[in-house]
Amino acid sequence: MTTVSPTPQPAMQLRELIFGAACAAAVRAAARLGVADALGDRPTTAEELATAVRAEPRPLERLLRTLSCYGIFAETDDGKYVHTDMSRLLREDNPHSLRYISLWCTEPWTWDAWPRLDEAVRSGRNVFDGLYGKGFFEYLHQDAPESAEVFDRAMTTSSKQSAQDIAQLLDLTGASSVADIGGGQGHVLASLLEKYPAMQGTLLDLPTVVANPDPRLRDGGPLASRVRIVPGDCRKEIPIQADVYIIKNILEWDDESTRRTLHNVVGAARPGARVVIIENLVDDSPSMKFTTAMDLLLLLNVGGAKHTRGSLVSRMTDAGLKVGELRVVNPYLHAFECTVPE
């Protein structure tokens with residue numbers, strides 16, 4: 001009798017990795033079709049799901065079978081489908097939903113860029129400008145509004161999910177003011193202000209970003225009286241003084257913008273001010289498969305890079321910051337505690 005090893009052999013593992021695009025495409029298809037939203041708590045046939053999502057039953061069953069191989073949905077003994085922990089994360093109503101992250105990482109432009117990874121590795125530069133004749137964000141907002149919307153939703157989802165982790169981790173006792181630099185819509189800032197009812201906050205980001213802040217920070221919102229919203233570019237100027245500065249996931253675009261941002265913070269802050277820098281790391285992290293993949297995607301689209309612990313410490317030190325404790329926010333994020341020297 002032939003026995004099958006529970007651990008795939010190297011050739012099988014490599015074959016599966018080679019077809020990684022098929023898995024990514026299957027996740028994207030399920031997210032776009034809304035299969036996870038259509039599947040409820042009871043086992044459901046592919047035919048029933050096909051009716052709900054307006055698809056053909058047989059191809060949908062093939063899609064579900066593929067996803068089930070990866071633990072995204074599961075097939076019962078009688079040929080019906082049920083949720084798994086991963087498939088529930090594709091539901092839009094899940095507070096930890098990864099639906100828009102799944103769509104963002106598989107947007108149409110990614111399929112044009114990935115085959116040119118060797119070019120980016122040879123040159124050390126992005127391939128996006130050559131593909132589309134313009135920069136990444138310029139392309140998104142001028143030529144791909146649907147992709148830009150997916151990007152905004154993905155970033156909003158990710159920020160909301162990490163904001164509570166950051167607020168829970170940080171002890172800002174004794175501080176009276178906090179500034180979120182490049183803070184997007186201000187989800188982290190709002191969570192910190194909720195935690196500290198006497199604290200004042202400032203949100204700085206590009207004008208188009210802060211024009212649509214977290215509802216809690218808007219005029220009439222519960223936190224509006226304690227917030228100042230400043231449209232601006234942290235790479236050019238940070239006209240804010242605060243006891244604590246938060247810098248999250250904005251030091252990855254390129255070395256020059258990282259250098260300018262950190263120097264601007266040090267130039268604006270009072271001696272002794274606290275600077276908390278929060279980033280994904282590509283070393284010493286349980287999420288390395290995800291963060292190293294995002295690192296390569298940054299190389300392709302903007303020529304940026306995720307940081308190692310050493311590379312980020314080096315840049316913070318060069319900017320004049322005194323680097324202290326490194327703390328784990330969650331499996332994807334690390335927080336560096338820094339201070340501006342006296």
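In this tour a residue is called exposed when its relative accessible area is over 50%, and by that cut-off Arg-32, at 51%, counts as exposed. Please keep in mind that the model on the screen is a predicted one.

**First stop: a salt bridge between two helices**

With Arg-32 selected, add Glu-146 to the selection, and you will have a salt bridge in view whose closest N and O atoms are 3.6 Å apart. The two residues belong to distant parts of the chain, since Arg-32 sits in helix α2 and Glu-146 in helix α12, with their positions 114 residues apart. Glu-146 is exposed as well, because its relative accessible area is 53%. Side chains of opposite charge can pair when their charged atoms come close.

**Second stop: further along α12**

Now move the selection to Arg-153 and Glu-92, whose side chains meet in a salt bridge with an N to O distance of 3.8 Å. Arg-153 lies in helix α12, whereas Glu-92 lies in the loop between α6 (85–88) and α7 (99–104), so this pair ties together parts that are 61 residues apart in sequence. Both ends are partly exposed, Arg-153 with a relative accessible area of 36% and Glu-92 with one of 40%. If you then add Arg-99 and Glu-149, the selection shows a network of salt bridges that links these two residues with Glu-92 and Arg-153. The structure as a whole holds 21 salt bridges.

**Third stop: a pair within one helix**

For a salt bridge of another kind, select Glu-256 and Arg-260, whose side chains meet at 3.4 Å, N to O. Here both partners lie in helix α15 (residues 255–268), and they are 4 residues apart, which is about one turn of the helix. Glu-256 is partly exposed at a relative accessible area of 36%, and Arg-260 is also partly exposed, with a value of 30%.

Staying beside this helix, select Asn-249, which lies in the loop between β6 (244–248) and α15. Its phi angle is near 55°, a positive value in a residue other than glycine. Is Asn-249 buried or exposed? Asn-249 is buried, because its relative accessible area of 18% falls under the 20% cut-off.

**Fourth stop: two helices that cross**

Next, display helix α4 (residues 46–53) together with helix α5 (residues 57–69), and look along the place where their axes come within 9 Å and cross at roughly 110°. The two helices are therefore roughly perpendicular to each other. On the α4 side the contact is made by Ala-46, Glu-47, Leu-49, Ala-50 and Val-53, and on the α5 side by Pro-57, Leu-60, Glu-61 and Leu-64.

Between these helices there is a loop, and in it you can select Arg-54. Arg-54 has a phi near 60°, again a positive value in a residue other than glycine, and at 80% relative accessibility Arg-54 counts as exposed.

**Fifth stop: a nonpolar patch on the surface**

Turn the model until Leu-14, Leu-17, Ile-18 and Phe-19 are in view, because together these residues make a nonpolar surface patch of about 490 Å². Phe-19 lies in the loop between α1 (10–18) and α2 (20–33), and this residue is exposed, with a relative accessible area of 60%.

**Sixth stop: a buried leucine**

Which residues does Leu-172 touch, not counting those up to four places away in sequence? Select Leu-172, in the loop between α12 (145–169) and β3 (177–181), and you will find Val-178, Leu-192, Tyr-196, Met-199, Val-244 and Arg-274 around it. Leu-172 is buried, with a relative accessible area of 1%. To gauge the span of the model from this point, draw a distance to Val-35, whose C-alpha atom is separated from that of Leu-172 by 43 Å, the two residues being 137 residues apart along the chain.

**Last stop: a strand residue**

Finally, select Lys-322, which is found in strand β8 (residues 322–330) and is exposed, with a relative accessible area of 58%. Leaving aside neighbours within four places in sequence, Lys-322 is in contact with Glu-337, Cys-338, Thr-339 and Pro-341. A distance drawn from Lys-322 to Cys-234, which is 88 residues away along the chain, gives a C-alpha separation of 20 Å.

Conventions. Residues numbered from 1 in each chain as written. Predicted model: local features only at pLDDT ≥ 70, side-chain atom pairs only at ≥ 80, totals over all residues. Heavy atoms only, no water. Patch = residues over 30% accessible without salt bridge, like charges linked within 9 Å, V, L, I, M, F, W, Y side chains within 5 Å. Areas by Shrake-Rupley, 256 points an atom, 1.4 Å probe, with all protein chains shown as cover. Salt bridge = Lys/Arg side-chain N within 4 Å of Asp/Glu carboxyl O. Buried < 20%, exposed > 50% of the residue type's maximum accessible area, 1.4 Å probe, protein only. Contact = heavy atoms within 4.5 Å. Axes fitted to C-alpha atoms, helices over the stretch in contact; angles between N-to-C directions. Parallel < 35°, antiparallel > 145°, perpendicular 65-115°, else oblique.
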